[in-house]
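Got the structure open in your viewer? Let's take a walk through it, one selection at a time.

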Amino acid sequence: MQIQTSFIENTRVGLTAKGKLYLVPTPIGNLDDMTFRAINTLKEVALILAEDTRHTIKLLNHFNIETKMRSFHEHSRAHEVTEWVELLESGQDLALVSDAGMPLINDPGHPLVQACLEEAIDIVALPGANAALTALIASGLSSEHFTYYGFFPRSMKEQKEVLALVGSRQETAIFYESPFRIKKAVVAIEKELGADTSVVVARELTKRYEEYIRGTAAELAAYLAQQPLKGEIVLMLEGGQLPPQSNLAEKAAQLELPYKAQVELAMAEDGLSSKDAIKQVAKQLGIKKQDVYQAYHDL
Ligand code: SAM
């Protein structure tokens, strides 16, 4: 891999042949969360690329930003990306915004960033509003280690897979979810990870009806059965209810080590009890726990 460094000259002094791509976060509900720098950047660039121009025009009007705008969305084709890269190469600065929050966080922009990096165009990311991190820090769940998974999957199979992963990690999991599916999501958490799993639903952040609902999966499932939710939602839960998924144990299975050796490896490498290691090996191999148990105990 070739190392690429980019020292960004954050001043406007000096002549740089190429323009810069600014990634500009916008408020997730409360317009006061727009930063001075975000406003100034949007005023100064040659063109704003917006996920939905009809949406962003309201923001521009509010802050008296008169910069021209063009649309850049998820389905923007390769030739459109090329067009923006050519504009940047000609020396024009561009800003990318999404409808709300950080561009590229479950929002369009990644192909454009990649294309800019390939052409050595500087990318300047501005800090600002983001629903996942805002929700996390007030959730009361551990913010030391966490994973952001994007939207909670819709299919039951994918829900099971992602919750098995969450359960195997000692960290907080963050999902985006729609108010129409939140009840089912919490029921799935209760089923896969247990009734006592700590869950927090953060709703309508930075807006008038901002709300955090904290409790166990069972408590939240009961609450949501009575109380349908509206608005935008971040769903968070604690992980670590299941034994860790071990890469080493997986490798051992691939190497077709005897069951007993695989259990010993899982115990040594993952610090599992023999009972949990037997369970994990059986799960990984898709066989009965009893078979692994008998092999481990030389029965
Ligand atoms: N780029 C955005 C960000 O940085 O947070 C996320 C965009 S994603 C398409 C939209 C989802 O983010 C919503 O469906 C909701 O789950 C979450 N979200 C956005 N604004 C929110 C808010 N004010 N309160 C709670 N969740 C929000």
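Start by selecting glutamate 204, which sits in the loop between β8 and β9 (211–216). Keep in mind that this is a predicted model. Is glutamate 204 buried or exposed? Its relative accessibility is 13%, so it counts as buried, the cut-off being under 20%. Now check the backbone: glutamate 204 has a positive phi of about 50°, even though it is not a glycine.

Stay in this loop and click on threonine 206, which also lies between β8 and β9. Here too phi is positive, about 70° for threonine 206, and again the residue is not a glycine.

**Into the core**

Next, light up the largest nonpolar core, a group of 23 residues. Which of them touch the most other members? Select Leu163, Phe175, Ile182, Val201, Leu235 and Leu237, and you have them. Now colour the elements that each supply at least two residues of this core: the helices α6 (156–167), α7 (182–193) and α8 (217–226), along with the strands β7 (172–177), β8 (198–203) and β10 (233–238). Helix α7 gives the most, with 6 residues.

Zoom in on isoleucine 182. Once you ignore residues up to four places away in sequence, isoleucine 182 touches Glu177, Val201, Leu224, Leu229, Ile233 and Leu235. There is also a second, separate core, made of 18 residues, and among them are Ile39, Ala95, Val97 and Val124. As a bit of background, nonpolar side chains tend to be buried together in soluble globular proteins.

**Along α7 and around**

Go back to helix α7 and pick glutamate 190. With a relative accessibility of 27%, glutamate 190 counts as partly exposed. Show what is around it: leaving aside neighbours within four places in sequence, glutamate 190 is in contact with Ala195, Ala217, Ala218 and Ala221. For a sense of distance, draw a line from glutamate 190 to glutamate 211: they are 21 residues apart along the chain, and their C-alpha atoms are separated by 21 Å.

Now jump to proline 153, in the loop between β6 (146–151) and α6. What does proline 153 touch, not counting residues up to four places away in sequence? The answer is Glu158, Gln159, Val162 and Phe175. You met Phe175 a moment ago among the core residues that touch the most other members. Proline 153 is buried, at a relative accessible area of 14%. From proline 153 to leucine 163 it is 10 residues in sequence and 9.9 Å in space, C-alpha to C-alpha.

For a contrasting proline, select proline 228 in the loop between α8 and β10. Proline 228 is exposed, with a relative accessible area of 69%. Try a long line from here: proline 228 and alanine 120 are 108 residues apart along the chain, with 49 Å between their C-alpha atoms.

**Two buried stops**

Select alanine 132, in helix α5 (residues 131–139). Alanine 132 is buried, with a relative accessible area of 4%. Apart from neighbours within four places in sequence, alanine 132 is in contact with Tyr148, Ile174, Tyr176 and Val234. Its C-alpha atom is separated by 24 Å from that of threonine 53, and the two residues are 79 places apart along the chain.

Then move to serine 98, in the loop between β4 (94–97) and α4 (110–118). Serine 98 is buried, its relative accessible area being 2%. Which residues does serine 98 touch, if those up to four places away in sequence are not counted? Show Thr26, Glu51, Thr56, Pro103 and Asp107 to see them.

**Zooming out**

Time to colour by domain. The domain assignment gives domain 1 (21–125), domain 2 (131–237) and domain 3 (248–296). The centres of domain 2 and domain 3, taken over C-alpha atoms, are separated by 31 Å.

For the last stop, select helix α10 (residues 259–270) and helix α12 (residues 289–296), whose axes come within 8 Å and cross at roughly 90°. That angle makes α10 roughly perpendicular to α12. To see the contact, show Tyr259, Lys260, Val263, Glu264 and Met267 on α10, then Asp291, Val292, Ala295 and Tyr296 on α12. The residues of this contact divide into 6 nonpolar, 3 charged and no polar.

Key:
Residues are numbered from 1 along each chain as its sequence is written. This is a predicted model: local features need pLDDT of at least 70, side-chain atom pairs count only at pLDDT 80 or more; totals for chains, interfaces and linings use all residues. Side-chain values use heavy atoms; hydrogens and water are left out. Axes are lines fitted to C-alpha atoms, for helices over the stretch in contact, and angles run from 0 to 180 degrees between N-to-C directions. Helices (H or I, at least four residues) and strands (E, at least two) are DSSP runs, numbered from the N terminus. Angles under 35 degrees count as roughly parallel, over 145 as roughly antiparallel, 65 to 115 as roughly perpendicular and the rest as oblique. Contact means heavy atoms within 4.5 Å. Ala, Val, Leu, Ile, Met, Phe, Trp, Tyr, Cys and Pro count as nonpolar, Asp, Glu, Lys and Arg as charged, and the others, Gly among them, as polar. A nonpolar core is a set of buried Ala, Val, Leu, Ile, Met, Phe, Trp, Tyr and Cys residues joined through side-chain atoms within 4.5 Å. Buried means under 20% relative accessible area, exposed over 50%, partly exposed in between (1.4 Å probe, protein chains only). Domain bounds come from an automatic or database domain assignment.
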